[in-house]
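Colleague: I am new to this structure and would love a close look at a single part of it. Could you pick one strand, walk me through its surroundings, and then show me how the rest of the chain is arranged?

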Amino acid sequence: MSSGKLPSKSHDFFGWYNEVIYQAQLVDESPTRGCVVLRPYGYALWENIVHIMDKRFKEKGIENAYFPLLIPESFLKKEAKHVEGFSPELAVVTHAGGKQLEEPYVIRPTSETIIYHMMARWITSWRDLPMQLNQWANVVRWEMRTRPFLRTSEFLWQEGHTAHATREEALEKAKEMLGVYIKFITEELCIPIFAGEKTPKERFAGGDATFTMEGMMPDGKALQMGTSHLLAHSFPAAYGVQFQDKDGQMKSPWCTSWGTTTRMIGAAVMVHGDDAGLVLPPAIAQYQVVIVPIFKTDEEKVTVLAAANAQKQALENADIRVHIDARDERPGAKFFHWELRGVPIRLELGPRDVAQQSLMMAPRIVAEGADRKITVAFDALVGTVHGALKTFAQLLFTRAKTYRDAQLSNATKGTLESFGKNIEAYNGFVKAGWCFDRACEEALVAYKGSIRCILDEMVPDEAQCFGCQKPATHVVLAAKSY
Ligand SMILES: [Zn+2]
């Protein structure tokens with residue numbers, strides 16, 4: 001982990017990614033294979049994500065709970081598709097307390113099985129429904145090839161699990177929670193996404209319907225940013241979850257599960273960063289504003305720091321996260337330090353500024369043609385910074401969407417032969433027609449692509465399936481993926 005100049009993001013994207021996350025101190029390598037350590041500056045991003053999303057979940061009637069990390073192995077085997085989907089990735093505990101266990105435990109890859117076991121105890125009547133739970137936790141899925149934030153053997157996530165009396169209500173909930181994710185990812189992470197349903201081939205192991213959000217990364221590949229599932233009706237039934245309905249009949253509830261992970265941080269790093277380092281969305285940045293005091297003499301230092309503290313207080317009173325960099329270091333080195341770390345707004349404050357009751361504001365990035373630095377009077381600072389953070393977030397989203405749209409092509413009347421080679425050679429997203437046949441879907445594999453999701457869009461007249469050229473019944477998003 002050298003520190004110093006970053007590789008160019010446009011010329012060496014992964015070289016850049018692998019350097020910037022270490023140099024900006026988001027993560028460090030861990031002695032545990034396939035895992036990383038989240039350093040305070042990286043963990044703060046997750047804390048802010050948790051803070052915002054947790055509030056939104058609770059507004060939707062979701063309650064938090066916590067279930068054991070270790071799950072009896074037999075639990076996973078009760079649902080054939082589920083265990084089949086996860087078994088290569090399972091880490092299993094066979095020994096504890098100095099002896100071999102009678103039954104091994106798996107480290108949770110996800111918690112449906114143990115949660116349904118508990119729901120079977122807690123749900124008896126229609127009056128107990130809906131039951132709407134969420135867990136903030138870590139999970140383990142053993143990975144051969146890992147990349148910090150995007151794919152690690154252990155990662156942090158939230159998993160929501162709800163049970164409902166009817167399929168309609170559960171389906172509605174699965175879509176509602178996807179909506180919560182879409183709002184967060186587009187408005188707070190400033191990343192444009194395509195949302196839609198997964199094909200039967202790509203859906204969750206044990207699911208009836210899977211909804212997804214797919215973001216485009218700067219290399220033109222799709223990154224799945226979160227999923228929401230309607231579980232197969234047989235899944236909770238396999239764990240004995242039953243309720244007596246209003247008509248007196250015993251029935252199995254319909255369940256949903258939905259999750260997002262620390263992968264969202266990796267996406268924000270990849271989408272927004274530049275050759276100078278991170279560019280953080282204000283909503284998740286540990287510090288939205290950094291104040292760099294500039295002084296030469298001790299007397300100046302006292303004056304400048306007093307003014308800096310007063311402005312920090314004013315900003316904090318308006319719920320803006322501020323840090324004063326009072327280290328004994330040259331201002332230029334401090335500018336570099338915070339640019340690398342992607343703080344949205346830098347304020348520079350020297351003795352002359354204090355005398356004039358103003359300071360210099362320099363956002364980490366500005367719109368083309370806008371001033372890189374502007375003078376702001378102390379009494380206008382809170383309002384100006386507030387507006388600048390909003391403008392900053394909009395700029396991030398617009399920049400990302402402009403790039404994404406430029407890499408998106410429409411081939412609803414085209415064939416795989418016409419666009420497959422482009423996906424293989426240049427990546428990018430393609431909107432294509434599809435007949436819903438799995439054989440056509442699998443033809444994409446030859447070009448290293450897949451159907452990322454079925455878009456909720458009208459099928460244009462004369463749209464044809466990219467594989468068999470029969471009339472299309474769906475419009476899909478095809479791409480390479482992470
Ligand atoms: Zn077809």
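Modeller: Happy to! Let's start with strand β15, which is joined by 5 bridges to strand β17 (residues 345-349), the two running parallel. Within that pairing, Val292 has Glu348 of β17 as its bridge partner. Please keep in mind as we go that this is a predicted model.

β15 has another partner too. Strand β16 (residues 322-324) also runs parallel to β15, and 3 bridges join them. Here Val290 stands opposite His323 of β16. To get from β15 to β16, the chain passes through helix α9 (residues 298-317), and this β-α-β crossover is right-handed. As background, strands of a sheet pair through backbone hydrogen bonds, either parallel or antiparallel.

Is β15 enclosed or open to the outside? β15 covers residues 289-293, and 5 of the 5 are buried, so the strand is largely enclosed by the rest of the structure. In a regular strand, side chains alternate between the two faces of the sheet. You can follow this along β15: Val289, Ile291 and Pro293 point one way, while Val290 and Val292 point the other way, and all are buried.

Now let's step back to see where this strand sits. The protein is divided into domain 1 (13-66 + 116-272), domain 2 (289-391) and domain 3 (408-479). The centres of domain 2 and domain 3, taken over C-alpha atoms, are 50 Å apart. In total the protein has 14 helices and 23 strands. Its C-alpha atoms fill a box of roughly 80 × 60 × 45 Å along the principal axes. For 482 residues, a compact globule would have a radius of gyration near 23 Å, and the 25 Å of this protein agrees with that. Buried residues make up 42% of the 482 residues. Among contacts with a separation of 6 or more, 67% are between residues 24 or more positions apart.

Elsewhere in the chain there is an open sheet of 11 strands with mixed pairing, in the order β3-β7-β8-β14-β11-β10-β9-β22-β23-β21-β20. Its edge strands are β3 and β20 (408-411), each of which pairs on one side only. Inside this sheet, β7 (residues 131-140) and β8 (residues 154-164) pair in the antiparallel sense over 10 bridges. Val140 stands opposite Glu154 in β8.

Just ahead of β7 is a detail worth finding: a cis peptide bond joins Leu129 and Pro130, with omega about -5 degrees. Pro130 lies in the loop between α5 (112-122) and β7. Tyr66 is another loop residue to look for, between β3 (63-64) and β4 (70-72). With 10 C-beta neighbours inside 10 Å, Tyr66 counts as exposed. The C-alpha atoms of Tyr66 and Trp136 are separated by 7.6 Å, although these residues are 70 apart along the chain.

Helix α13 (residues 416-426) makes a good next stop. Its buried residues are Leu416, Phe419, Gly420 and Ile423. Seen down the helix axis, they fall within an arc of 115 degrees, so they line one face of α13. On the other side, Glu417, Lys421, Ala425 and Tyr426 are exposed. The buried residues of α13 pack against β20, β21 (429-434), α14 (438-443) and β23 (474-479).

Right after α13 comes Asn427, in the loop between α13 and β21. The phi of Asn427 is near 60 degrees, a positive value in a residue other than glycine. Asn427 counts as buried, with 20 C-beta neighbours inside 10 Å. Cys190 also has a positive phi, of about 60 degrees, although it is not a glycine. You will find Cys190 in the loop between α6 (167-188) and β9 (193-197). With 26 C-beta neighbours inside 10 Å, Cys190 counts as buried. For context on these backbone details, most residues other than glycine have a negative phi, and most peptide bonds are trans.

If you go back to where we began, look once more at β15 with its parallel partners, β16 and β17.

Conventions:
Residues are numbered from 1 along each chain as its sequence is written. Helices (H or I, at least four residues) and strands (E, at least two) are DSSP runs, numbered from the N terminus. A residue is buried if 20 or more other C-beta atoms lie within 10 Å of its own, exposed if 12 or fewer, and partly exposed in between; C-beta atoms are placed from the backbone. Domain bounds come from an automatic or database domain assignment. Two strands pair if DSSP finds at least two bridges between them. A crossover is right-handed if, with the strands pointing away from the viewer, the path from the first strand over the helix to the second runs clockwise. The arc is that of the directions from the helix axis to the C-beta atoms. Two residues are in contact if their C-beta atoms, placed from the backbone, lie within 7 Å. The radius of gyration is taken over C-alpha atoms; the globule rule is 2.2 Å times the number of residues to the power 0.38.
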